[in-house]
Amino acid sequence: TFYASQDIRLPPITLTTSAIVAGHNESRAIRRCVESIEADQIVVVDDGSTDGMCHIVQQLKAEGLVDKVFCLPVRSSKITAINLALTECTGEIVFIIDADTVLAPGAIAAALPYFADPQVGGVCCNLKVANESASLTTRFQSIEYAISISMGRQVSDALDLLPNISG
C-alpha cells in the first residue's frame with residue numbers, strides 16, 4: 001500500500017496521468033488495485049495468466065474502471081507487458097503499479113508535485129504490508145520492508161544516491 005506523505009508542502013502541479021498495471025495470476029488482487037488508482041488513464045496487461053485474470057480485467061474495462069486491456073496469450077515478462085502498455089499511455093506522467101498493490105487515497109496526486117522540479121525523473125513510495133498482523137510471516141515481511149526498503153530509501157536520499165524506483 002502506498003501512503004502519501006502529509007507533512008511535505010510542495011507547489012501544486014497539474015499533469016495528466018496514466019497508470020500501468022501488469023500482472024500474472026493476480027485475479028484475486030487486481031480489482032482492489034484498479035479501484036484504488038486515481039489516474040486519468042489505466043492500462044492493464046495480463047501477462048499470460050491462467051487464473052482468470054484476463055476475464056476480470058475485461059470486466060473492469062466494461063465497468064469503465066480500466067481504459068485499455070491487453071491479455072497476452074503466454075507469459076512474456078513484466079518488462080514486455082509494461083513496454084506494451086507504454087505504447088498506449090497518453091498521460092504526461094506514467095505510474096507503474098504492481099497488481100497486488102493498493103494505493104492510499106490521494107497517492108498519485110501527492111506524487112505529482114515532485115515533478116515540478118525538472119531534475120526529478122521518477123518518484124517512489126514507501127511500502128507497507130497491509131495485513132502485517134495476519135501471521136508471523138506477514139509480521140516478518142513488515143519488518144523486512146521497514147528495514148530494507150523504507151530505511152534504504154531514507155539512507156539513499158540522505159546520501160544523494162539514485163534510488164531504485166520499483167513498481
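Colleague: Which residues of the largest nonpolar core touch the most other members?

Modeller: A nonpolar core is a set of buried Ala, Val, Leu, Ile, Met, Phe, Trp, Tyr and Cys residues joined through side-chain atoms within 4.5 Å. Buried means under 20% relative accessible area, exposed over 50%, and partly exposed in between (1.4 Å probe, protein chains only). In this predicted model, the largest such core has 24 residues, and V21, I30, I37, V44 and I97 touch the most other members. Two or more residues each come from β1 (17-23), α1 (30-36), β2 (41-47), α2 (53-62), β4 (93-98) and α4 (107-111). Helices (H or I, at least four residues) and strands (E, at least two) are DSSP runs, numbered from the N terminus. A second, separate core of nine residues includes I20, V45, L72 and C89.

Colleague: Before we continue, how should the model and its numbering be read?

Modeller: Residues are numbered from 1 along each chain as its sequence is written, and side-chain values use heavy atoms, with hydrogens and water left out. The model is predicted, and local features need pLDDT of at least 70, side-chain atom pairs count only at pLDDT 80 or more, while totals for chains, interfaces and linings use all residues.

Colleague: Which residues does V44 touch?

Modeller: Contact means heavy atoms within 4.5 Å. Setting aside residues up to four places away in sequence, V44 touches V21, I30, V34, M53, V57, V66, K68, V69 and F70.

Colleague: Where do the side chains of β4 point?

Modeller: The side chains of β4 alternate: I93, F95 and I97 point to one face and are buried, whereas V94, I96 and D98 point to the other and are not. Two strands pair if DSSP finds at least two bridges between them. Here β4 pairs with β1 in the parallel sense over six bridges, and I93 in β4 stands opposite T17.

Colleague: Which residues of helix α3 are buried?

Modeller: In α3 (residues 78-86), the buried residues are A81, I82 and A85. They lie on the same side of α3, because they cover an arc of only 95° around the axis; the arc is that of the directions from the helix axis to the C-beta atoms. These buried residues pack against β1, β2 and β4.

Colleague: Is E92 buried or exposed?

Modeller: E92 is exposed, with a relative accessible area of 54%, and its place is in the loop between α3 and β4. Leaving aside neighbours within four places in sequence, E92 is in contact with T14, L15 and T16.
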